[in-house]
Structure formats: structure tokens, C-alpha cells
2 protein chains.
Amino acid sequence: MPFMLDEFLPYRLNVAATLISRRFAALHQEETGISIPEWRVMAHLANEGQVSIRDIHARVNLDKSIVSRAAARLEQAGHLRKSGHMQDRRLISLELTPKGQDLMQRLGEIADAFQARLHAELGPDAERFETMLEQLIAGAARDRDTAA
Amino acid sequence: MPFMLDEFLPYRLNVAATLISRRFAALHQEETGISIPEWRVMAHLANEGQVSIRDIHARVNLDKSIVSRAAARLEQAGHLRKSGHMQDRRLISLELTPKGQDLMQRLGEIADAFQARLHAELGPDAERFETMLEQLIAGAARDRDTAA
DNA sequence: AAAGAGCGGTTGCGGTTGCAACGGGAATAA
DNA sequence: TTATTCCCGTTGCAACCGCAACCGCTCTTT
């Protein structure tokens with residue numbers, strides 16, 4: 001029996017992820033001009049208030065260089081403000097500006113609406129699906145730790 | 001209630017997909033030196049025999065330029081052969097070489113083993129999970145078509 | 001106190017991606 | 001036939017990614 005690419009889980013996951021990301025981007029990209037890394041940084045800042053690059057890197061699965069550059073672009077656009085940490089001068093405090101908070105509010109609405117739509121498409125087992133995604137992520141983390 | 005990135009489906013999907021892809025790459029990359037686009041091209045060729053670039057592009061969710069470059073690398077490495085189509089001279093026939101078939105056989109084994117492991121980690125509902133992934137993909141395709 | 005190791009953020013660089021433009025070939029229309 | 005339109009694969013280009021090197025700062029060790 002030949003190998004079937006369409007039944008290969010990593011392949012399907014990847015296709016689903018890129019398609020869904022594209023869909024989401026189409027919903028807000030033109031209005032907001034925000035890229036995916038920038039989106040993650042902002043969403044994290046909206047929850048956490050003052051945060052350093054390292055925190056975001058550890059939390060949202062982005063290389064620290066990517067976080068750094070995303071933060072630079074967001075600062076350039078006036079969405080966030082950088083300031084030095086007073087105890088540890090290596091650290092940088094990132095914080096949303098009012099403008100950034102407004103944008104994040106708008107993005108949150110779009111995201112919530114999209115999420116609702118996806119749940120509708122998935123039907124009643126959407127919760128179950130998310131749980132299993134979580135399992136996959138946890139499994140991958142475990143795998144990486146045991147490999148090291 | 002603030003927006004929670006971790007509960008946002010596109011985010012989770014993306015994280016899961018990249019982690020799983022990385023895991024899979026770690027299993028074969030060193031041995032085979034094959035990238036993800038190359039892997040998709042080869043897997044498709046293994047099933048379909050003679051195929052053009054356009055077919056692969058339409059089938060495995062890769063831009064035609066990416067398919068073109070992946071094919072060039074694979075040809076360079078001796079894994080596939082290009083030949084002109086005789087009816088339509090715009091088309092190109094791609095076909096695995098014996099060496100490419102051997103490699104694909106090996107990759108298939110690794111992929112099957114990995115797939116089995118993922119299913120084990122997911123438990124009895126793995127099938128259900130895949131079905132829902134399929135739903136997401138189909139939904140995205142539908143969305144794109146209606147948008148156009 | 002001084003040296004060394006370790007950490008946080010930035011930057012440089014090679015490779016990849018995605019899009020648009022191109023050139024050759026085929027198909028349709030007049 | 002000729003001309004126009006469309007299609008296929010390649011290539012140019014700008015942006016992005018991931019990794020590693022680096023610099024300044026902090027902590028530990030002696």
C-alpha cells in the first residue's frame with residue numbers, strides 16, 4: 001500500500017494551519033496591516049501589561065529575534081512603547097500605547113468573530129478538537145524535552 | 001474579558017503544526033536532507049507516477065514557484081527526472097528515479113512510524129481529530145471560493 | 001575585587017517564501 | 001492564417017525566517 005500524503009497528520013495540520021491563518025489575515029490585514037508575529041506580540045501584551053521580549057518569546061512560540069523585530073515595527077507604528085527595566089538593565093519593558101490598545105480591541109473583536117465562525121463550522125465537538133490540539137502541543141513539548 | 005491568545009484556534013493550530021513539523025523533520029532530516037516542500041513533491045510523485053508541476057501545485061497546497069524550485073533541487077540530487085510532455089510542450093513530466101523511489105520508501109517508513117506514534121499520543125479519538133481537520137480545510141476552501 | 005560564566009536583546013547572514021512579471025507554447029476567434 | 005488570449009514553468013525581487021554571533025549587563029566564583 002503506497003504512502004498517502006493526505007492522510008499524513010503533519011501534512012494535514014500544516015495545510016489547515018496555513019489556510020486558517022490566511023483566512024484570518026484576509027479579515028483584518030487590510031484594515032490593520034498587522035502580521036502574524038506582530039499579532040502575537042500585541043495579543044500577549046494586551047493580557048500581560050508590561051512584559052519583556054524574553055517573556056513573549058517563551059510564551060508565544062516565536063524566536064526572540066522575531067519578537068525583537070516585530071516589536072521594533074510596532075514601536076515604529078506607534079502601537080507600543082519600549083522602556084528600560086530599572087532593576088535589570090538588560091531587560092526591556094514593552095507596553096501597548098493607547099493607540100495600540102485601540103487597535104488590539106478592534107483585533108479582538110475580529111478574532112472573536114472568526115473564532116465563533118470556526119466553532120460553528122466545526123460543530124459541537126469543537127471543544128474536543130481544541131483539547132486534542134492541546135494534547136499534540138504538549139506531546140511535542142514533552143518529546144523535545146526528553147530528546148534534550 | 002480580555003482576549004486570550006492561547007484559546008485562539010488559528011494560533012493553536014499554527015503552534016501545533018510547526019511543532020509537529022519540527023518533530024518530523026528531526027526524525028529524518030539528518031538522514032535524508034529533504035525539506036518540507038521536497039517531501040510533499042516526492043510523496044505526491046510516489047503515488048501518481050508522472051505528474052506536472054501544475055498538478056502538484058494544485059494538489060499539495062504549494063505555490064508553483066516553490067514546486068518548481070523543489071523539483072530543481074530534487075533533480076539536482078538525482079531523486080527525480082524531468083522530461084517534456086509530448087502533447088503539450090508547455091508541460092513538464094516529473095518522475096521519481098529509482099534512487100528517489102528508494103528514498104521515498106525509507107521516508108514512508110519513518111512517516112508511518114511517526115504517524116502511529118501521534119495516533120497513540122492522541123488516543124482513541126485520533127480518527128475523529130483527523131476528520132475535523134478535514135472539515136477545517138474544506139471550510140477554508142469553501143470560504144475562499146465564495147469570496148472570489 | 002576581578003574574572004568568568006550566563007543572560008537579554010539586537011543584528012548579520014544564508015536560505016526560503018510568496019508574489020508578480022516574463023517568455024515560450026497552445027487554443028480560440030476572426 | 002494571424003492575432004489575441006490564455007496557460008505553464010521559471011526567474012527576479014523584496015520580505016521574512018531561523019540561527020548564530022555579538023554586545024552590554026548581571027550573577028557567581030574565587
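**Notebook: two protein chains and DNA strands C and D**

I began with DNA strand D and sorted the residues near it by class: five are nonpolar, five polar and 11 charged. Here Ala, Val, Leu, Ile, Met, Phe, Trp, Tyr, Cys and Pro count as nonpolar, Asp, Glu, Lys and Arg as charged, and the others, Gly among them, as polar. A residue is near a strand if one of its heavy atoms lies within 4 Å of it.

The model is predicted, and local features need pLDDT of at least 70, side-chain atom pairs count only at pLDDT 80 or more, while totals for chains, interfaces and linings use all residues. Residues are numbered from 1 along each chain as its sequence is written, chains are lettered from A and ligands numbered from 1 in the order in which they are written, and side-chain values use heavy atoms, without hydrogens and water.

**Entry: strand D**

I looked up which residues come nearest to DNA strand D. Of the 21 around the strand, they are A:Ile66, A:Arg69, B:Arg54, B:Ser68 and B:Lys82. Of the strand D atoms within 4 Å of the protein, 65% are sugar and phosphate.

Next I listed polar contacts, which are pairs of N or O atoms within 3.5 Å; within protein, one must be able to donate a hydrogen and the other to accept it, and residues adjacent in sequence count only if both atoms are side-chain atoms. The side chain of A:Arg69 has a polar atom 2.6 Å from a base oxygen of strand D. For A:Ser65, a polar side-chain atom is 3.2 Å from a base nitrogen of strand D. A:Arg89 uses a backbone N or O atom, 3.3 Å from a phosphate oxygen of strand D. Two or more residues of this surface come from each of helix H4 (64-76) of chain A, helix H3 (53-59) of chain B and helix H4 (64-76) of chain B. H4(B) gives the most, four residues. Helices (H or I, at least four residues) and strands (E, at least two) are DSSP runs, numbered from the N terminus.

**Entry: strand C**

I then turned to DNA strand C, which has 21 residues around it, the closest being A:Arg54, A:Ser68, B:Ile66, B:Arg69 and B:Arg90. Sugar or phosphate makes up 60% of the strand C atoms within 4 Å of the protein, and bases make up the rest. A side-chain N or O atom of B:Arg90 is 2.9 Å from a base nitrogen of strand C. A:Arg69 also has a side-chain N or O atom 3.2 Å from a base oxygen of strand C. From B:Arg89, a backbone N or O atom is 3.1 Å from a phosphate oxygen of strand C. H4(A) gives the most to this surface, with four residues.

**Entry: chain A and the core**

I counted six helices and two strands in chain A, in the order α-α-α-α-β-β-α-α from the N terminus. Of its 148 residues, 45% are buried, meaning under 20% relative accessible area, with exposed over 50% and partly exposed in between (1.4 Å probe, protein chains only).

Why check the length of helix H5 of chain A? Its 25 residues (98-122) should span 36 Å at 1.5 Å a residue, and the end C-alpha atoms are 36 Å apart, so the two agree. The expected span is 1.5 Å times one less than the number of residues. Buried residues in H5(A) include A:Gly100, A:Leu103 and A:Phe114. Just after H5(A), A:Gly123 has a positive phi of about 85 degrees.
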